[in-house]
Amino acid sequence: MSVNLNNMPPQIQQNYTDKLLSTPERNTIHNLFASVIEVEDNDGFINRQSRYDALDTFEVPLDNTQLNPPNQQLTRVDVDCRVRNYATYVVITKQVSMTVQDPILNAAAARLGQAFRETSDILQRDNLESGASIVNCTGGSNGDLPTEMTLEDLDGIVAVLQNNDGEYITNMINASDKIGTSPLGDCYAMMCHSRMIPVLNGITGFRRKFEYGTGSIGTLSSEWGGVNNIRAFISSQGSITASASLLGDDIANCFVSAQEGYKVVFQRGGTAKFFYTPPGGQNDPAHLRQMCACQMYQGQCINNDLWVQNLRSTGI
Amino acid sequence: MSAPLNVVGGNFTLTTALISSGVQVECPFGIPDYVELLSLGKASDYTDGWGEASDAQAIQWWWEKTLPQNYAKGILQASEGSTPQLPGMSSYVISSSGIAAYNTANPPTYTGLATSAITGSTAAYVCTMGDTGSIQVGDYVRIYGTTAELQIAGYPFQVTAVSSGASITLGYMATGGVSLAADATSGTVVKYIPNRMYPRVRWIANVTQAANAVVYFTEKHDFTIGEIVSFRVPSSEYDMTELDNVEARVISVTNSSTESSITVDLDTSGFTAFDFPTSAEAAAGVSPAICVPSSSGVVPVSGTTAPAIPVGNALTDAYDNRNVNLVNFGSGLFGVSGHASENLDRWAYRMYKYSGYDTRILN
């Protein structure tokens, strides 16, 4: 049978472009606003930080007898955080490295780096999901509990954090004379799932970041926008609790944090590392396997339970 | 040549409680590819279990990663008492409450099951269900769509009793003692496996008015003696709003099969009595009353406010990632009709992981 355009062998039909396609990478948002603590090696595995409680105010003046007032007791509390060790690796056989056209070790290193970043982010997400205070959105109209998020809910959570004396994370964005832009107040950071985008866009007064007074200059790609005193950051690995609302719909856990609300703890000698093991060694006498690995140490913790709030929303 | 397999094993002894709840075993090398369970019989009698005379029972179970979660295949041994004793064996498969292997950070999910009544009006919190699925004692469930009991919709609960195919009991909520105005007449119960990041918020089932308040939860808690906790009662419909944002130290803890509670060094005797919102109030929008971990405090002598000697803080309340790889040996393995296991029966387990280093076995 003769060869023609309809029956050419695959090898003839095919060519290969060695520029690799992009691998989807998730926004890592949950450690963005964490205090970073690095602990020394050989110094235990539980990090402790302490906070002194505020003293009572003293508004009553001393009278003319000039007697000393009663003393106050200075107290402190401790917040402990255990650092854990994490690792994963990839095995590449000789057959693969001798056959595949693309730089597979480079690809493996890049993917390990991505896995590390996303794991680190998920650990913090799960920590916030586990320990943060819960506030349901109730200002919406979808008949669920929580409802979809509204401006009233966001203002409410700002009030909660202000009542708890939480410091804003970002400074005010000034107004400008550019058409279609607006100022934004000092802000707390809200970390949420990208499924919240339609809800965010529907909030009265919500400004996409291109509407900031500065435009989107100086913003992260994960920032979606803001309103009043909240700036929203989104990720496809944000926190969702499945089938958890009054009506059984999924709930988006939107973590709103003040400054120093939570932290991530690294170990100095255990920051993320890439390890390459060449073929050979006791278990590989024929030099058939090479390996690359990622290993890290991390702990995560809420510093002050008053300064991190889980604002729960449906409508996603 | 590398070792082809990672293998770990061990054994456990059944109790009446474990026969109902199933047994969970950690697997240190990840999620296993193959799991095997063999009956050893009772420790006091080596003729017990496999080959035992005149006692029909399950003697072996296995699960392989290509099987669905909670399935198991195995062998049932017939009752036979003649000499020589040669009991017949039958192959058997179960499709729920069998063997499941997962990590608690990324657990399997479950579909919701219908309930036709939840007895909140008597504070018994028994959910009538035609199908209880794979729900076992100790499992976590969430309830939603509860007609007439919207105030508990979305709440997490832990199950304290199961009558297979008939009902489950939310005993920790019941022990809290709060009754609701009416029973739910329909709703959905969905089982879930919680992430084990520690510490965890707990939803409040009740708070007593006492010099040292007792706080009840809807599921087991992991607060520790000496830990500082803080309360959130953001919605006035829970009545005890004096508790909102108040910190207290845990002076004793209870985590029994029916009660989950802490006693705190906080005098609530002058506070308004705790109560749940009405169903209508919940529908209008409330936020739950919860207890959140706050910090580590000085450990007291249990049940008192006096510091224990030597004075110190516990490290057991440190924030931690306690997620693990688990193999769950479900209650279905030990309760096959006519072939049930008995109290004090011992089982040996082995868990295998095909080595990632050897691609021939991996593939």
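Two strands pair if DSSP finds at least two bridges between them. In this predicted model, β12(B) meets that condition with β13 of chain B, residues 167–169, the two running in the antiparallel sense over three bridges. Ser163(B) takes part in this pairing, and its bridge partner in β13(B) is Ser167(B). The pair belongs to an open sheet of four strands in chain B, ordered β8-β9-β13-β12 and paired in antiparallel fashion. At the edges of the sheet lie β8 (117–118) and β12 (161–163) of chain B, each of which pairs on one side only.

A wider view of chain B is given by its domain assignment, with domain 1 covering 5–100 + 324–362, domain 2 covering 113–192 and domain 3 covering 197–321. The centres of domain 1 and domain 2 of chain B, taken over C-alpha atoms, are separated by 30 Å. Where these two domains of chain B touch, domain 1 contributes eight residues and domain 2 contributes six residues. On the domain 1 side of that contact in chain B, α1 (16–21) and β6 (89–103) each supply at least two residues. The makeup of this domain 1 side is easily described: eight polar residues, no nonpolar and no charged.

Attention then turns to the meeting of the two chains. Here 44 residues of chain B are in contact with 37 residues of chain A. Two or more residues on the chain B side come from each of β10 (140–144), β14 (187–192), β18 (227–232), β21 (290–296) and β22 (320–321) of chain B. Of these elements, β21(B) gives the largest share, six residues. In chemical terms, the chain B side that touches chain A divides into 20 nonpolar, 19 polar and five charged residues.

In chain A, one glycine deserves a short look of its own. Gly180(A) sits in the loop that links α4 (151–163) to β6 (188–193) of chain A. Gly180(A) counts as exposed because 8 other C-beta atoms lie within 10 Å of its own, and a residue with 12 or fewer is classed in that way. Along the sequence, Gly180(A) and Tyr212(A) are 32 residues apart, while in space their C-alpha atoms are 8.6 Å apart.

Technical notes
Residues numbered from 1 in each chain as written. Chains lettered and ligands numbered in written order. Predicted model: local features only at pLDDT ≥ 70, side-chain atom pairs only at ≥ 80, totals over all residues. Buried ≥ 20, exposed ≤ 12 C-beta atoms within 10 Å, placed from the backbone. Contact = placed C-beta atoms within 7 Å. Nonpolar A, V, L, I, M, F, W, Y, C, P; charged D, E, K, R; others polar. Domains from an automatic or database assignment.
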